[in-house]
Amino acid sequence: MKTVATPATPHPVRRFWYRWRFHLNILLILIPLGFMPRYFQDVALFRGESGLGQREAGTVDVGPWQLTLAEMRTLPPAEAGEAGFFKQFNAALCEGCSEEVKATYLRIGKPRSLRAAGALFFGSPYRMSTNLPVPTNTKDDALVWVTMEGWDGTVHQGSIPLADASPSTLAWLQNQGDAQ
Amino acid sequence: MSKKSRSKIWFMVHSWLALPIWFFVLIVCVTGTLATVSQEIVWLANPDIRAPKPSPDAELLTLGQALEKVQRAEPDLKVLSLMRPDESHFALSARVSYPDGSSPTLYVNPYTGVIQGVSPQFDFRQFTRALHGWWLVPFTNGFSWGWYLVSLLGLPMLASLVTGLVVYKKFWKGFLTPRLRLRQGARVFWGDFHRLSGIWSIWFIAVISITGTWFLLQAVLFDNHISISTEGVPPVIARDAVPRSESATPPPQLNLDQMIAEAVERVPSLDPKRVFLSGNAYSLTFVEGRGWYPLMDQTVGVSPYDGDVGYVRLLEDRSKLEFVTESMRPLHTGDFGGLWVKLIWFFFGLLLSMMVLSGLLIWSKRTVSATAKALRKERRANRYETEQTPAETVA
């Protein structure tokens, strides 16, 4: 008679766990190492040292002024609950016009009045930003309208196709259409 | 189930809570510990953020005076915000925007208004916070999954505390008769250390794990668009309240000290420490600082045109729930009562990191000795088996 029972062969999953459980640490440590370059890219992006945003969309003529527009990130709009979807744009005013411009607005589709001019830019004239509401039923050929109000009371408008302003938003809208 | 086997289970649970991810937990604890004093570490390393007094009788500038000095030195830059740190040995910090689009932080001497330096590319404080808080996983849409990964640790940490107190019989006796045996081998030393630092850290582990779990809950609420805030959208200045300009340039504005004075007149308990200057023609300038309660800020929004107070958010405007939830972050970081509180948090953070390490050492030593014992037993049994005849074994 045997005094020592032969141990039953452990389940493969159990064996796998026993063999590799401490290697979980290595996997976890690899995460921040892998994201480190991305972290420094983001720091440069937020400090405005890698450009106005991740992708510069171009310059829009608005009456006597110009506005350089950029996507903060080349990502589709982000959801903000019931308020809908928003896309962050950054912008810089033309050199020498920061004293003359009172306010800058961004909107998909042409605004009917100054009161509905859209999202108001916030920040310094060298780099300001706003969150543009993007309705899910926006057409592919929509224009993004820039409205600028001068301290002298004048109002000027200019536009850029959404396809140029944010290709990622357009692609997202097209996917939404396909899904419906 | 017998009492003994029940406590054995508790013990097993306690030993296994952090074990497979011990290194991850250790790094999170160590980076958190460093983060509590990261500002002080930067102070030691970088003279730009210190606040040297030019002469023994030099007086502090008001925020408005400092702003004026900065603007005069660099007329092209736009100041976005200006902050006076809680501790007087730190320089003022001004978030600014340059014509090239970059927006670094400037360190400004609080006595002279001289710009002492620009925040370096590698911000140690920000980096330790990012590593500790979200494991460097970027935020793109809502909270980063790294945030979930780290804040999830609050739960096993809380469980470690509870199970630790269950398996440590009559732990309160440890307060009266502390025991740290130095000369009886590493296993005994680390065991004593783990228990002793554990009971003295009960409050700290509870604070860190509960606030950590709150961070998890906060992310869950945010990502599901559930708000518990009683704070409305900060108002803008009405169109007709912005004065018309005679020329094509902006109308005159109050200087910063006048705006701060308006804010303090409205809310006398406000200790103005931070100002966020208007970000466009319709936005208020916000003055922020603490009141009687050290864990939360009060905010007053003032119109830069006429000093009209357009927004007030005081301690008493918060709901009871917000008092609790808004206190969570300062309680976690220890940044609410100056250097001494930070140092206490640092010390207990170090102790907590050591507890992770000592827990691991105890476990490995116990397991090593248990394994060795088991092996010895088996070998002996095998030898016995080969040497004895079956008949003898039966007998």
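Two strands count as paired if DSSP finds at least two bridges between them. The exercises below use this definition on a predicted model.

**Exercise 1. The sheet**

Task: Find the order of the strands in the open sheet of 4 strands in chain A, and state which strands lie at its edges.

Solution:
1. The strands of this open sheet follow the order S6-S5-S9-S10 in chain A, and their pairing is antiparallel.
2. An edge strand pairs on one side only, and this applies to strand S6 (119–120) and strand S10 (155–161) of chain A.
3. Within the sheet, S5(A) pairs with strand S9 (residues 143–150) of chain A through 7 bridges, in the antiparallel sense.
4. One residue pair to locate is A:Val101, whose bridge partner in S9(A) is A:Gly150.

**Exercise 2. The domains**

Task: State the bounds of the domains of chain A and the separation of their centres.

Solution:
1. Domain 1 of chain A covers 12–46, and domain 2 covers 55–179.
2. Taken over C-alpha atoms, the centres of these two domains of chain A are 38 Å apart.

**Exercise 3. The contact with chain B**

Task: Describe the side of chain A that touches chain B, by elements and by residue class.

Solution:
1. Contact here requires C-beta atoms within 7 Å; on that basis, 39 residues of chain A meet 39 residues of chain B.
2. On the chain A side, helix H2 (23–46), strand S5 (101–108) and strand S7 (122–124) supply at least two residues each.
3. The most comes from H2(A), with 11 residues.
4. By class, the chain A side holds 21 nonpolar, 7 polar and 11 charged residues.

Methods:
Residues numbered from 1 in each chain as written. Chains lettered and ligands numbered in written order. Predicted model: local features only at pLDDT ≥ 70, side-chain atom pairs only at ≥ 80, totals over all residues. Domains from an automatic or database assignment. Contact = placed C-beta atoms within 7 Å. Nonpolar A, V, L, I, M, F, W, Y, C, P; charged D, E, K, R; others polar.
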